[in-house]
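Me: I should be grateful for a close look at a single part of this structure, namely the sheets, together with the spaces and the unusual backbone sites in the surrounding parts of the chain. Please give one connected account rather than a list.

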Amino acid sequence: MPDHLQAHADRLHAVGGISRLTPRKSVERNPNHVVVMAGLGGSTWSPEDWDAVQRACPEYRFTFLGGDNHVDDPTELLQSAGIAVTAGGQNSVADLAATDTPAVILPQPRPFAEQKLGALALDGLATVRNAFPAPDEWPELLRQRDTDWGRWQTEGAARRAAEVIAAVAENPGQPATCVITLADANRKDHLTHQVNLMPMGVDHVTVALADAEVLTKAVPKSHVVEGPRNLAAARNLGAQVAIERGAEVLVFLDADCLASDALVPRYVSALSQRPDAVVAGPVTYMRQGEMRVTDPDPHPARPNPTPGELVDADNYNLFWSLSFALTATTWERIERDFGGFDPGYEGYGGEDTDFARELQRHGIPLVWVGGAHAFHQWHPVSSPPWEHIEDIVANANRFHAKWGSFPMEGWLEAFEAEGGVVKQDAPARYILRNYELHHPRGK
């Protein structure tokens, strides 16, 4: 198994090379017959190249397959050939292995260098050349007949693949999973992208903070429920609805976020190992005009373990409600222990940090999950967010009264520096100044 697939070992099935060819019995090879096969993807060699090879190898007879020279079934040609020359595509290699044909492989340019990289696995199975050999090299190349195609395991490969597919169809092996998000009409486009890019087989619940009818039309693939504008109460409702719909794993994802292909499988795998935990993955912020779920560049303020790695949090204040997951059983425990997100936080800010503190107080592990990437779509922001100053100040004071420290300190200090708030020491709290000062320089 290559190193880059180690993190996916629990989902990887080795079935062997799949070929449609069925070898015939008692076919003798002609050591002086060379079959040349070019795939439909095109090749870098030309007729002139092969004219030069044939002049250098007069004792050999060449059969060329490709382009207009097509046969429906090359089995007999390959079995009777002393050696074949082919591109490095999966089908060609599997056909060579199925017919046990000695071969010279000439990998061709393909997206992601797939033929050249795949040819690295052929050491000892065939002769590989990454560039077309010079004419005087071919007499020696065509004498290379040592092969061990049994290692490609084509016999029974198609059946093994079919059995894996049938088993997944019968038992997907993944707990019923639901992605939960909150939105209103202002996030309609972002929500549409999230839902349309969601992996197959994953349920989706949207709690409408407002505009439920608009969102229902915009995302028919999501189950839209009308909820309160309070973010904490809306998240609690989303969890309740998801569980009522049969979800065993709850994935909370901000409406602005897109799920990478690995996000749900990584969360599910992490929770199979740590079912008592709340798990969270990295978030990449995209620039204006970007739309992708690859090439992550996670926000540096949050941990970014290697793919598949699980790291226990030592700082719960880094919890971020943009992307996290937990089992339905853990959510039910949370409801019993402290009721979920605290709806006493009104409007914007503080409720997710409070939730993290409650997790810590009640001994619920917070675990960072490597590779569970979310991608945050661009939208305009203000920093500090003056439009939310009233909510931020009220929620910060509520948080301090409960926990003895202030959240969102960077924003509060920025508000204070520009005269929007005053910090009082005894009792410790922030006090709003007059309305005009809340929006300095016309913000």
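Reply: The account below takes up the two sheets in turn, with the helices, loops and spaces that go with them.

The model is a predicted one. Its 5-stranded open sheet follows the order β2-β1-β3-β4-β5, and the pairing is parallel. At the edges stand β2, residues 61-65, and β5, residues 127-128, each of which pairs on one side only. Helix α1, residues 47-56, packs on this sheet and touches β1 (30-37), β2 and β3. The direction of α1 makes about 160° with that of β2.

Within the sheet, strand β3 (residues 81-86) and strand β4 (residues 103-105) run parallel and are joined by 3 bridges. T86 stands opposite I105 of β4.

The loops on either side of β4 each hold a backbone site worth checking. As background, most residues other than glycine have a negative phi, and most peptide bonds are trans. D100, in the loop between α3 and β4, has a positive phi of about 55° although it is not a glycine. With a relative accessible area of 45%, D100 is partly exposed, because this value falls between the limits of 20% for buried and 50% for exposed. F112 lies in the loop between β4 and α4, and its phi is also positive, near 65°, in a residue other than glycine. F112 has a relative accessible area of 80% and is therefore exposed, the cut-off for that class being over 50%.

The helices α3 and α4 also lead to an open space. The second largest pocket holds about 860 Å³. It is lined by 26 residues, and those closest to its centre are P2, A14, Q90, A121 and W152. The elements that give two or more residues to this lining are α3 (90-99) and α4 (114-118). Of the elements, α3 gives the most, with 4 residues. By class, the lining of the second largest pocket comprises 14 nonpolar, 10 polar and 2 charged residues.

The other sheet to be described is open and has 8 strands in the order β8-β7-β6-β9-β14-β11-β15-β13, with mixed pairing. Its edge strands are β8, residues 223-226, and β13, residues 310-312, and each pairs on one side only. From one strand to the next, the twist averages 25°. Strands β11 (residues 278-280) and β15 (residues 366-369) pair in the parallel sense over 3 bridges. One such link has V278 with L366 in β15 as its bridge partner.

Helix α7, residues 188-196, has contacts with several strands of this sheet. H190, L191, T192, Q194 and V195 are buried in α7. The buried residues of the helix pack against β6 (177-183), β7 (203-208), α8 (212-218), β9 (249-253) and β10 (257-259). H190 may serve as the example. Its relative accessible area is 13%, so H190 counts as buried, the limit being under 20%. When its neighbours within four places in sequence are left aside, H190 is in contact with A255, D256, Q377, W378 and H379.

An enclosed space can be considered next. Rolling a probe the size of a water molecule over the atoms shows where empty space is left. In the whole structure, the search finds 1 cavity of 30 Å³ or more. The largest cavity contains about 50 Å³ of space. Its lining is formed by A280, G281, V283, R302, L318, W320, S323 and W368. Two of these names lead back to the sheet: A280 lines the cavity and falls in the range of β11, residues 278-280, while W368 lines the cavity and falls in the range of β15, residues 366-369. The lining of the largest cavity is made up of 5 nonpolar, 2 polar and 1 charged residues.

Two cis peptide bonds complete the account of the backbone. S383 and P384 are joined by a cis bond with omega of about 0°. P384 is found in the loop between β16 (374-376) and α13 (389-403). The bond from A426 to P427 is likewise cis, with omega near -10°. P427 has its place in the loop between β17 (421-425) and β18 (428-432).

Note on methods
Residues numbered from 1 in each chain as written. Predicted model: local features only at pLDDT ≥ 70, side-chain atom pairs only at ≥ 80, totals over all residues. Heavy atoms only, no water. 1 Å grid on protein atoms, 1.4 Å probe; cavity = no way out; pocket = protein on both sides within 12 Å on 5 of 7 lines; lining within 4 Å. Points joined across faces, edges and corners; volume = space filled by probe spheres on them. Nonpolar A, V, L, I, M, F, W, Y, C, P; charged D, E, K, R; others polar. Pairing = 2+ DSSP bridges. Contact = heavy atoms within 4.5 Å. Axes fitted to C-alpha atoms, helices over the stretch in contact; angles between N-to-C directions. Buried < 20%, exposed > 50% of the residue type's maximum accessible area, 1.4 Å probe, protein only.
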